[in-house]
Amino acid sequence: MGTDTVLDVMGLPPQPEADLGGVVQQLAYDKASRSSITGTLVAARENARKVRHLLPAEVWEALNVTYAEVGTRRRPKSVAGMYRLLSLARTRTAVITGLADTTMSHDDDWLFLTLGRALERADVIARQLAASDIRGAGERALASVLQSCGGYEPYLRRSRGIIGPVRVANFLLRDSGFPRSAFASLTVAGSCLSSLADGSRRPAREPARLVGRARADLEFAAPDELFADLPARLVMLQSACSQISDAVTRHYFSYDLPTQWRTGLAG
């Protein structure tokens with residue numbers, strides 16, 4: 001995957017003159033960018049500070065420790081150093097997510113947090129598949145796509161080591177047992193909306209309808225049909241994630257402008 005493709009997946013404009021070091025700087029260390037690791041941590045910590053009274057101490061401390069540790073690390077000059085930084089970010093994100101799931105009351109606050117994470121996962125899967133264009137990819141490229149989505153080992157166990165484009169697309173888009181698949185993520189989103197509606201006098205019919213339609217588009221398509229129409233379905237999936245996010249914003253929050261989702265390669 002080239003640097004321009006990586007930038008496009010993240011919703012950033014291409015930089016024809018940028019080298020790998022420049023892209024790493026932008027995606028890892030740019031504090032002003034919500035698409036960089038450091039920028040995301042800055043935004044997460046600031047958002048968490050505003051709702052500090054709603055967060056368990058363990059979640060707040062884990063976020064602060066991660067923010068401080070990434071901020072004090074020197075920019076690595078080697079591939080091994082970059083790998084350690086990315087491994088740290090991934091591990092600490094998993095820790096924070098796990099603490100939120102196990103220490104927060106599963107009330108409306110947790111439901112909104114989980115809903116947002118589920119929609120983001122579905123959107124990322126669509127971006128990854130669109131960027132990779134797996135229809136003519138070989139085993140090595142397919143393995144790379146699976147690894148980037150966190151599904152390499154689960155896929156191998158499910159498929160008994162057979163790697164093919166149709167199977168990979170089917171696995172990442174609608175395997176109900178893989179928690180990062182688009183279908184599983186939309187299922188979680190639908191469950192969150194149902195739970196939110198149970199405690200509300202005004203059920204969120206429009207977001208629930210959009211989630212149900214997106215799930216049905218994935219669930220009831222034949223594997224060959226899904227693969228043949230893959231680019232169009234990825235566009236539909238990204239559009240659905242954006243529409244669901246906007247509908248939730250309109251229904252539950254009083255923002256003047258809904259969330260603007262960046263368009264990746266599928267858009």
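**Exercise 1. Classify Thr 66 as buried or exposed, then place it and list its contacts.**

Step 1. Thr 66 has a relative accessibility of 4%, so it counts as buried. Buried means under 20% relative accessible area, exposed over 50%, and partly exposed in between (1.4 Å probe, protein chains only).

Step 2. Thr 66 belongs to helix H4, residues 57-72. Helices (H or I, at least four residues) and strands (E, at least two) are DSSP runs, numbered from the N terminus.

Step 3. Leave aside neighbours within four places in sequence: Thr 66 then touches Leu 41, Arg 92 and Ile 96. Contact means heavy atoms within 4.5 Å.

A note on the basis of these solutions. The model is predicted: local features need pLDDT of at least 70, side-chain atom pairs count only at pLDDT 80 or more, and totals for chains, interfaces and linings use all residues. Residues are numbered from 1 along each chain as its sequence is written, and side-chain values use heavy atoms, with hydrogens and water left out.

**Exercise 2. Describe the protein chain as a whole: how many helices and strands does it have?**

Step 1. Count the elements: 13 helices and zero strands.

Step 2. Take the burial: 39% of the 267 residues are buried.

Step 3. Look at the contacts with a separation of 6 or more. Residues 24 or more positions apart account for 59% of them.

Step 4. Take the surface. The accessible surface is about 14900 Å², and 53% of it belongs to carbon and sulfur atoms. Such areas come from the Shrake-Rupley method with a 1.4 Å probe; for residues, only the protein chains shown count as cover.

**Exercise 3. Find the largest nonpolar core and say which helix gives the most to it.**

Step 1. The largest nonpolar core has 61 residues. A nonpolar core is a set of buried Ala, Val, Leu, Ile, Met, Phe, Trp, Tyr and Cys residues joined through side-chain atoms within 4.5 Å.

Step 2. H6 gives the most to this core, with 10 residues.

Step 3. Leu 129, Ile 134, Val 168, Leu 172 and Leu 173 have the most contacts inside the core.

Step 4. Follow Leu 172. Beyond four places in sequence, its contacts include Ile 125, Leu 129, Val 145 and Phe 178.

**Exercise 4. Work through the aromatic pairs: how many does the structure hold?**

Step 1. There are four aromatic pairs. Rings of Phe, Tyr and Trp (its six-membered ring) pair if their centres lie within 6.5 Å; planes under 30 degrees apart count as stacked, over 60 as edge-to-face and the rest as tilted.

Step 2. Phe 112 and Phe 253 form a tilted pair, 5.2 Å centre to centre with 55° between the planes. Phe 112 lies in helix H6 and Phe 253 in the segment after helix H13, so the pair ties together parts 141 residues apart in sequence. Phe 112 is partly exposed at 23%, and Phe 253 is partly exposed at 33%.

Step 3. Tyr 155 and Phe 171 form an edge-to-face pair, 5.4 Å centre to centre with 75° between the planes. Tyr 155 lies in H8 and Phe 171 in H9, so this pair ties together parts 16 residues apart in sequence. Tyr 155 is buried at 2%; Phe 171 is buried at 4%.

Step 4. Link the rings: Phe 112, Tyr 252 and Phe 253 form a cluster through ring pairs.

**Exercise 5. Locate Arg 160 and classify it as buried or exposed.**

Step 1. Arg 160 is in the loop between H8 and H9.

Step 2. Its relative accessibility is 78%, so Arg 160 counts as exposed.
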